[in-house]
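Here is a brisk report on one protein model. Please keep the sequence and the 3D view open while reading.

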Amino acid sequence: MAQTESNSPAEPLPPAKPPSGRFTQGLPTIWADAMGQSSIRSAQVLLVLTLVAAVIWALTQVPVVVTPILIALILASAISPLVHWLTGRRWPRAAAVLTSFVAILAVFGGVITGIVFLIRSQLKDLSAQADIGIDRLHGFIVQGPYPITDTQINGIRNSIQNFILSTTFGNEALTGLRVAAEIAVGVILMAVILFFFLKDGERIRNFLIGFLPAGQRRKAHEAVDHGAIVLGGYVRGTALVALTDALIIGLALTIMRVPLALPLAVFVFIGGFIPIIGATAAGTLAVVVALIFNGPVPALVVLIVLVAANQLEHHLLQPLLMGKVLRIHGLAILLALAAGTALAGLIGALLAVPLTAVGWTVIKVWTGRDALHTSPSDAPEVTGSPDPNDDGRA
């Protein structure tokens, strides 16, 4: 039997299909494999990081505007419960806002004025005591366990004098005057912004959220609400912790009869708003003042009280007052402090942790992992179909 041969041409093999998925759909084969996908993702990450870096750089170029806005936002989050409490007692909203605003300004202004008058009233006595204390400190340094010779001390003094008489110091003084002027302008701007945040915060929030797609507005409102809860709780908890440290150290300074006990306690209170290192650095100044004016033994007592207050803060007060609000690991706080200090100095150190806490809260809300839950009645109602003529503005 003759073998039958087929004259039909052999069918070609079908081309290899790229991996399925929306990410690789329609891409050339070179971009559809694992290496191509990784390259695309890497490029996307680099573009996002570039955008973030550009935004941060732009914000750091206008600190006289950005810093007052951030400080006013933090203060408004901390003071807004007082406004809500007063309005709940049938106060007119304008009166509640004005009362809260005047109260916070009166507290800050009264504390600063009291410190200035206290220092001026003790200035002559402090000058006389300072000379005696410096001589005592000089003897302790020269005759201490690690003695320093008078030649070395005079060399350090001459270096300081040469720096003061140099043009560099003059340039630094002019820079300091410019910074003082910027601080004054920033304080006035912060007060104005704080007033409007307290008065029209809801309208400002609705206006900004109105630029988002209608389907994202409910989640945005929830993220803002949770961020305000975290920010206000952080500020109030930090204030209570700092006040406790200031009272403990101020009481120790008063018992040891260290001069300027009240201003040093206020300085410890302000330093308490910088986590981990703020109160310790401010307390170190109190130890130095006690060493100069009262001698080594009172300074050692103040140092022991400072260490005890620091341990009380880290192991009891912070977990008790901010454990449910600030859920950030200590390493993240340190990294945030380092980044904030590198970007904006002291102001960056003050704002780094609260901004990090709010940012992390917003991320958790947006991804559905936030443990804080607001009641459904508190959430703003958003319709299913957006109105094309409604831009969400107040």
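The expected span of a helix is 1.5 Å times one less than its number of residues. Helix H10 can be checked against that rule. The helix covers residues 278-294, which makes 17 residues. At 1.5 Å a residue, H10 should therefore span 24 Å, and its end C-alpha atoms are indeed 24 Å apart, so the two values agree. Keep in mind that this is a predicted model.

**Overall build**

The protein has 12 helices and 0 strands. From the N terminus on, the order of elements reads α-α-α-α-α-α-α-α-α-α-α-α. The chain counts 394 residues, of which 28% are buried. The protein exposes about 25800 Å², and carbon and sulfur atoms supply 70% of that area. Contacts also reach along the chain. Of those between residues at least 6 apart in sequence, 67% join residues at least 24 apart.

**Helix H10**

Which residues of H10 are buried? They are Gly278, Ala279, Ala282, Gly283, Ala286, Val287, Val289, Ala290, Ile292 and Phe293. Just after H10 comes Gly295, with a positive phi of about 105°.

**Salt bridges**

The structure holds 3 salt bridges. The table gives each pair with its N to O distance.

| Pair | N to O distance |
|---|---|
| Lys199 and Asp200 | 3.4 Å |
| Arg205 and Glu202 | 2.7 Å |
| Arg205 and Asp225 | 2.4 Å |

Start with Lys199 and Asp200. Lys199 is partly exposed, at 41% relative accessible area. Asp200 has 17% relative accessibility and counts as buried, because buried means under 20%.

Next, Arg205. Its place is in helix H7. Arg205 is buried, with a relative accessible area of 16%. Its salt-bridge partner Glu202 is partly exposed, at 46%. Why are Arg205 and Glu202 separated by about one helical turn? Because they lie 3 residues apart in helix H7. The general rule is that an α-helix has 3.6 residues a turn, so residues three or four places apart point the same way.

Arg205 also forms a salt bridge with Asp225, the closest N and O atoms being 2.4 Å apart. This pair links distant parts of the chain: Arg205 sits in helix H7, Asp225 in helix H8 (residues 214-255), and 20 residues separate them. Asp225 counts as buried, at 19% relative accessibility. Through shared partners, salt bridges join Glu202, Arg205 and Asp225 into one network.

What else does Arg205 contact, leaving aside its neighbours within four places in sequence? His221, Val224 and Asp225 are its contacts on that count.

**Aromatic pairs**

There are 4 aromatic pairs in the count. One of them joins Phe195 and Phe196, edge-to-face, at 5.7 Å centre to centre with 75° between the planes. Both rings belong to partly exposed residues: Phe195 has 24% relative accessibility, and Phe196 has 40%. Another pair is Phe269 with Phe273. Here the centres are 5.4 Å apart and the planes meet at 85°, again edge-to-face. Planes over 60 degrees apart count as edge-to-face, so the 85° angle qualifies. Phe269 is partly exposed at 26%, and Phe273 is partly exposed at 23%. Ring pairs also link Phe101, Phe195 and Phe196 into a cluster.

**A nonpolar surface patch**

Val62, Val64, Val65, Ile69, Val185 and Leu189 form a nonpolar patch on the surface. Together they have about 410 Å² of accessible area. Two or more residues each come from helix H3 (63-88) and helix H7 (167-209). Which helix gives the largest share of the patch? H3 does, with 3 residues. Leu189 lies in helix H7 and is partly exposed, with a relative accessible area of 30%.

**Where H7 recurs**

Helix H7 turns up in several of these features. H7 gives residues to the nonpolar patch, holds Arg205 and Glu202, and is linked to H8 through the pair of Arg205 and Asp225.

Technical notes. Residues are numbered from 1 along each chain as its sequence is written. This is a predicted model: local features need pLDDT of at least 70, side-chain atom pairs count only at pLDDT 80 or more; totals for chains, interfaces and linings use all residues. Side-chain values use heavy atoms; hydrogens and water are left out. Patches are made of residues with over 30% relative accessible area and no salt bridge: like charges are joined within 9 Å, nonpolar side chains (Val, Leu, Ile, Met, Phe, Trp, Tyr) within 5 Å. Accessible areas come from the Shrake-Rupley method with a 1.4 Å probe; for residues, only the protein chains shown count as cover. A salt bridge is a side-chain nitrogen of Lys or Arg within 4 Å of a carboxyl oxygen of Asp or Glu. Helices (H or I, at least four residues) and strands (E, at least two) are DSSP runs, numbered from the N terminus. Buried means under 20% relative accessible area, exposed over 50%, partly exposed in between (1.4 Å probe, protein chains only). Contact means heavy atoms within 4.5 Å. Rings of Phe, Tyr and Trp (its six-membered ring) pair if their centres lie within 6.5 Å; planes under 30 degrees apart count as stacked, over 60 as edge-to-face and the rest as tilted.
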